[in-house]
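Visitor: I have a structure open and would like to talk it through with you. Can we start from the inside and work outwards?

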Amino acid sequence: MTIADSHTGRRLTARGAKTRARIVAAAADLMYVQGVGDTTLDDVLAASGVSKSQLYHHFDGKESLVRAVIDHVGERVIERERDTLGRVSTIPGLRRWRDTLVQNNALRHGAYGCALGTLASEVADQDELARQALSRLFGEWQGLLAGVLRRLQDKGALPAEAPIDQLATGLMAALQGGYMLAQTARDVTAMATSVDMALAYIESLSAGRANVEGR
């Protein structure tokens, strides 16, 4: 059985794919904690337990490895968000989504921030292909938030004229800004507050609709 490498198109054996996945997973963990700039290929070799020849068989250098890490982290984050947000259709559901993200980030006192946001801050200005990949991933995440808001709108919880795409942008910005503030402060309070403010505005639209209909 062979598997195609998503970047090179090269056919990989099951064993080769497993080795490549081990390299990428090790690099992703290191880059999340240490940062992209401070993670060397020697670090990745030590963490993954592969040989230098195996690493260079799959990647021609750090740049291509970073792109693979973005794909890996992005798939993990978007899969999580798709699973969670795909089932949200109420304001309380959005609150529970917020609670889960804040609580998970609190386990590390906000130290490492959003896995995608951390990558974006380090590589978006250095690698155009990486920037494009990150932009697509954030766009998909924001689209999931917009999907929740449209379901609220369809159920009558938000007014028909509510600017769904703009609200999703604001909510995503509040989340990512909150991650950054929590990371620098080593305290998730600012993250919780920023997302709460965005959700409070969305709730105010819902409350405003209820008030108008109750007249």
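Visitor: What do the buried residues of α6 pack against?

Guide: In this predicted model, the buried residues of α6 pack against α1, α4, α7 (128–154) and α8 (164–185). Helix α6 itself spans residues 115–123 and is mostly covered, with seven of its nine residues buried.

Visitor: Which ones are the buried residues of α6?

Guide: They are Ala 115, Leu 116, Gly 117, Thr 118, Leu 119, Ala 120 and Val 123.

Visitor: Two of those partners, then. At what angle do the axes of α1 and α4 cross?

Guide: The axes of α1 (residues 14–34) and α4 (residues 62–85) cross at roughly 85 degrees and come within 9 Å. Because angles from 65 to 115 degrees count as roughly perpendicular, α1 is described as roughly perpendicular to α4.

Visitor: Which residues make the contact?

Guide: On the α1 side the contact is made by Arg 20, Ile 23, Val 24, Ala 25, Ala 27, Ala 28, Asp 29 and Met 31, while α4 contributes Leu 65, Val 66, Ala 68, Val 69, His 72, Val 73 and Arg 76. By class, the contact of α1 with α4 has eleven nonpolar, one polar and three charged residues.

Visitor: Zooming out, how many helices and strands does the protein have?

Guide: There are nine helices and two strands, and along the sequence they follow the pattern β-β-α-α-α-α-α-α-α-α-α, with both strands ahead of the helices. The C-alpha trace spans about 75 × 40 × 25 Å along its principal axes.

Visitor: And how much of it is buried?

Guide: Buried residues make up 44% of the 215 residues. As for the surface, the protein exposes about 11,300 Å², of which carbon and sulfur atoms supply 53%.

Visitor: What share of the contacts comes from residues 24 or more positions apart?

Guide: Such pairs account for 67% of the contacts with a separation of 6 or more.

Visitor: Back inside. How many residues are in the largest nonpolar core, and which have the most contacts there?

Guide: The largest nonpolar core has 65 residues, and those with the most contacts inside it are Trp 97 and Trp 141. The elements that give two or more residues to this core are α1, α2 (41–48), α4, α5, α6, α7, α8 and α9 (189–214), and of these α7 gives the most, with twelve residues.

Visitor: What does Trp 141 touch?

Guide: Leaving out residues up to four places away in sequence, Trp 141 touches Val 77, Ile 78, Arg 80, Glu 81, Leu 85, Trp 97, Cys 114, Leu 116, Met 172, Leu 175 and Gln 176. Two names in that list have come up already: Trp 97, which is named with Trp 141 for its contacts inside the core, and Leu 116, one of the buried residues of α6.

Visitor: Something polar next. Is Asn 105 buried or exposed?

Guide: Asn 105, found in helix α5 (residues 91–106), has a relative accessibility of 4% and so counts as buried. Beyond residues up to four places away in sequence, Asn 105 touches Gly 110, Gly 113, Tyr 179, Ala 182, Val 188 and Met 191.

Visitor: Where does Met 191 lie, and what is it in contact with?

Guide: Met 191 lies in helix α9 and is buried, with a relative accessible area of 0%. Apart from its neighbours within four places in sequence, Met 191 is in contact with Leu 101, Val 102, Asn 105, Leu 175, Gly 178, Tyr 179 and Ala 182.

Visitor: I'd like to check the backbone too. Which residue in the loop between α5 and α6 has a positive phi?

Guide: That is His 109, whose place is in the loop between α5 and α6 and whose phi is about 55 degrees although it is not a glycine. For context, most residues other than glycine have a negative phi. His 109 counts as exposed at 52% relative accessibility.

Visitor: And what about Arg 186?

Guide: Arg 186 has a positive phi of about 55 degrees and is not a glycine either, but its place is in the loop between α8 and α9. With a relative accessible area of 48%, Arg 186 is partly exposed.

Visitor: Last one: is Asp 154 buried or exposed?

Guide: Asp 154, in helix α7, is exposed, with a relative accessible area of 68%. The C-alpha atoms of Asp 154 and Ser 89 are separated by 9.6 Å, although these two residues are 65 residues apart along the chain.

Conventions. Residues are numbered from 1 along each chain as its sequence is written. This is a predicted model: local features need pLDDT of at least 70, side-chain atom pairs count only at pLDDT 80 or more; totals for chains, interfaces and linings use all residues. Side-chain values use heavy atoms; hydrogens and water are left out. Helices (H or I, at least four residues) and strands (E, at least two) are DSSP runs, numbered from the N terminus. Buried means under 20% relative accessible area, exposed over 50%, partly exposed in between (1.4 Å probe, protein chains only). Contact means heavy atoms within 4.5 Å. Axes are lines fitted to C-alpha atoms, for helices over the stretch in contact, and angles run from 0 to 180 degrees between N-to-C directions. Angles under 35 degrees count as roughly parallel, over 145 as roughly antiparallel, 65 to 115 as roughly perpendicular and the rest as oblique. Ala, Val, Leu, Ile, Met, Phe, Trp, Tyr, Cys and Pro count as nonpolar, Asp, Glu, Lys and Arg as charged, and the others, Gly among them, as polar. Accessible areas come from the Shrake-Rupley method with a 1.4 Å probe; for residues, only the protein chains shown count as cover. A nonpolar core is a set of buried Ala, Val, Leu, Ile, Met, Phe, Trp, Tyr and Cys residues joined through side-chain atoms within 4.5 Å.
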